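Trainee: Could you take me through the loops of this one, slowly? I'd like to know what sits in them and what surrounds them, with the cut-offs spelled out as you go.

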Amino acid sequence: MTIEQWVKDLSGVTNKENIKINESLKKYTMTKLGGNADILVMPETEEEVEAIVQYTYSHQIPLLILGNGSNMIVRDGGVRGIVMNLSKLNQIKIEGTEVYAQSGALIMDVSKKAAEASLTGLEFACGIPGSVGGAMAMNAGAYGGEINDIIVHSTVLTKEGKRLVLSKEELELGYRKSIIAQKNYIVLSSLFRLEKGNKEEIDAKIADLTYKRQSKQPLEYPSAGSVFKRPPGYFAGKLIQDCGLQGKGVGGAEVSTKHAGFIINKGNATATDYIETIKMVQKVVKEKFGVELELEVKIVGED
């Protein structure tokens, strides 16, 4: 099958303007890195997502899901097949203490809406840059809270395009992991249960966490956020700092001088620079401390 045929077939599923050919993925990733996608499609409804997944599965076309691109590094050669960006699935609804959010909604926007409704429990997510789908897949957490604390259930698609509703237990949420990531399920929506709270206290907590984040993280540069998982008994940032790696890097990528757990794109980095900097950090930390730093980010695409 040709790319032209894919476009023709996808045009029967979603509006033509939602399909982009040979599209640069730089503008869809937080690192501002990466090559082009053969096709980028941006469905508008859950039914369209379902139809696209079933189509790619039945025709054996490679499919990559891209949320907010905060936890993903796309290699310079780009991505073959179809990349599906879910940012148009961004509905957020609140009923009582329950918050429904589609997978493409930003988790920080869900946190903000919850605060506006005087609901507490999602303040920890006020600065997490990912989408609801990404937050679910990695059980995102910060400042002592995580998705596992508030989730009721998630509606997902299997790789064949079959819809499942997974309870909190079935999601198997652990530290930066879930059944979603394990089985490559695609999140359509999630339901969270929060508690009624005091709006002033909620707003004060969000303001405090926002200040902490802005003062400690290099938000002025593109980055993939926290690159490494926390190794048991250690903090990745502290190990990297103790190796004297801050300010070091390859090409236009550099270990942040503000927070050693972040690798920044100083503006002219390639994905290869970024990945080589990651490898350099892993090598030095392993040599000095004997600790294997495991990636929290996902590397996709071709060199």
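Mentor: Let's fix the vocabulary before the loops: helices (H or I, at least four residues) and strands (E, at least two) are DSSP runs, numbered from the N terminus. What you have there is a predicted model, where local features need pLDDT of at least 70 and side-chain atom pairs count only at pLDDT 80 or more, while totals for chains, interfaces and linings use all residues. Residues are numbered from 1 along each chain as its sequence is written, and side-chain values use heavy atoms, with hydrogens and water left out.

Start with Lys32, which sits in the loop between strand S1 (19-24) and strand S2 (36-41). Its backbone stands out: phi is positive, about 60°, although Lys32 is not a glycine. For context, most residues other than glycine have a negative phi. As for cover, buried means under 20% relative accessible area, exposed over 50%, and partly exposed in between (1.4 Å probe, protein chains only). Lys32 comes out at 42% relative accessibility, so it counts as partly exposed.

Now compare the loop between helix H4 (132-137) and strand S9 (141-142), which holds Asn139. Asn139 is another non-glycine with a positive phi, about 45° here. Its relative accessible area is 0%, so Asn139 is buried.

On the other side of H4, the loop running from strand S8 (119-120) to H4 carries Phe124. At 7% relative accessibility, Phe124 counts as buried. To see what covers it, take contact to mean heavy atoms within 4.5 Å. Leaving out residues up to four places away in sequence, Phe124 touches Ala140, Gly141, Ala142, Tyr143, Gly145, Glu146, Ile147, Ile150 and Leu209. Gly174 is another matter: 50 residues along the chain from Phe124, with 17 Å between the C-alpha atoms.

Next is Tyr175, in the loop between strand S12 (163-167) and helix H5 (179-183). With 32% relative accessibility, Tyr175 is partly exposed. Its contacts, again without residues up to four places away in sequence, are Lys229, Arg230 and Glu296. Ala140, which turned up among the contacts of Phe124, lies 8.3 Å from Tyr175 C-alpha to C-alpha, with the two positions 35 residues apart in sequence.

The loop between strand S5 (79-85) and strand S6 (92-95) gives you Leu86. Leu86 has a relative accessible area of 6% and is buried. Under the same sequence filter, Leu86 touches Pro43, Val49, Ile65, Leu66, Ser103, Gly104, Ile186 and Val187. By contrast, Val255 is 169 residues from Leu86 in sequence and 30 Å away in space, C-alpha to C-alpha.

For a strand residue to set against these, try Ser189 in strand S13 (residues 186-193). Ser189 is buried, with a relative accessible area of 6%. Past four places in sequence, its contacts are Glu46, Tyr100, Ala101, Gln102, Ser103, Ser154 and Thr155. Note that Ser103 is on the contact list of Leu86 too. Gly104 sits 85 residues from Ser189 in sequence, and the C-alpha to C-alpha distance is 8.4 Å.

What about the helices? H3 (residues 107-116) and H6 (residues 199-216) pack at about 155°, with their axes 9 Å apart. Axes here are lines fitted to C-alpha atoms, for helices over the stretch in contact, and angles run from 0 to 180 degrees between N-to-C directions. That makes H3 roughly antiparallel to H6; angles under 35 degrees count as roughly parallel, over 145 as roughly antiparallel, 65 to 115 as roughly perpendicular and the rest as oblique. H3 brings Ser111, Ala115 and Glu116 to the contact, and H6 brings Lys199, Ile202, Asp203 and Ile206.

Zooming out, the whole chain has 8 helices and 18 strands. Its radius of gyration (over C-alpha atoms) is 20 Å, close to the 19 Å that the globule rule (2.2 Å times the number of residues to the power 0.38) gives for 303 residues, so the chain is as compact as a globular protein of that length. The C-alpha atoms fill a box of roughly 55 × 50 × 30 Å along the principal axes. Of the 303 residues, 49% count as buried. And for contacts between residues at least 6 apart in sequence, 64% join residues at least 24 apart.
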